[in-house]
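Here is a short report on one model. Look at the structure first, then read on.

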Amino acid sequence: YHLMVFHPFRPLRGFLEASRLPVEHKDKLQKKASKMIRDFARLDVPLMFYPAEIAVYAMYQAAAEIKLDFNTILEGVLSESDMNGISKVIEEISRTVEKGKASQMNIEQLKTEAARIDLKLQNCRNPEKDRNHPRFKEIEEQKRVEKENAREEKTRRAAEQQRERHSQLLGGLRQ
């Protein structure tokens with residue numbers, strides 16, 4: 001399966017080119033609306049609404065910020081029936097954006113809480129597995145010494161067994 005999500009920058013540019021605004025207003029409006037569209041990409045908005053609807057909502061919000069009349073922007077671009085439908089879409093997207101912003105704040109709170117808990121649990125981690133644990137080097141050194149002692153013990157036993165075999169062979173020859 002393939003999921004294709006089209007971005008709303010092209011419809012935004014088309015709406016602005018078709019509008020009868022002065023160039024300086026178009027530039028301000030495009031900058032603000034483009035920033036909003038980039039912010040919407042972090043939410044579910046691009047998956048729930050058509051790119052043209054997102055572009056219109058971004059223009060609506062940007063127009064409110066720079067104190068332009070939204071209806072005059074789209075005058076001549078959209079028909080009267082389209083303008084009526086736009087208000088419903090704007091309300092719907094607005095609710096979705098608000099929910100998304102609220103969940104973003106919850107995510108930030110969860111991240112800080114997780115970091116706080118992680119600090120508490122650092123001392124509970126298994127020091128044998130965590131290289132950052134203060135006791136890790138101590139435990140590794142202890143393991144190394146134990147291996148060395150076990151190797152020395154094995155060598156000592158092997159040498160002792162060899163001496164016993166030699167003494168048995170030599171003892172058998174003396175009799």
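Is the crossing of helix 2 and helix 4 right-handed or left-handed? It is right-handed, meaning that the near helix is turned clockwise from the far one by less than a right angle.

## Basis

The model is predicted: local features need pLDDT of at least 70, side-chain atom pairs count only at pLDDT 80 or more, and totals for chains, interfaces and linings use all residues. Residues are numbered from 1 along each chain as its sequence is written, and side-chain values use heavy atoms, without hydrogens or water.

## Helix 2 against helix 4

Helix 2 spans residues 23-40 and helix 4 residues 51-65. Helices are DSSP runs (H or I, at least four residues). The two pack at about 125°, axes 8 Å apart. Axes are fitted to C-alpha atoms over the stretch in contact, and angles run from 0 to 180 degrees between N-to-C directions. The pair is therefore oblique (not under 35, over 145 or 65 to 115 degrees).

Contact means heavy atoms within 4.5 Å. Helix 2 contributes residues including Leu-29, Ala-33 and Phe-40, and helix 4 residues including Ile-54, Met-59 and Glu-65.

## Nonpolar core

The largest nonpolar core has 31 residues. Such a core joins buried Ala, Val, Leu, Ile, Met, Phe, Trp, Tyr and Cys through side-chain atoms within 4.5 Å; buried means under 20% relative accessible area (1.4 Å probe, protein chains only). Phe-40, Val-45, Met-59, Ile-73 and Leu-74 touch the most other members. Helix 4 gives the most, with 8 residues.

Met-59 touches Leu-29 and Ala-33, among others. Its partners also include Leu-12, Phe-15 and Phe-70.

Notes
Buried means under 20% relative accessible area, exposed over 50%, partly exposed in between (1.4 Å probe, protein chains only). Lists of a residue's contacts leave out its neighbours within four places in sequence.
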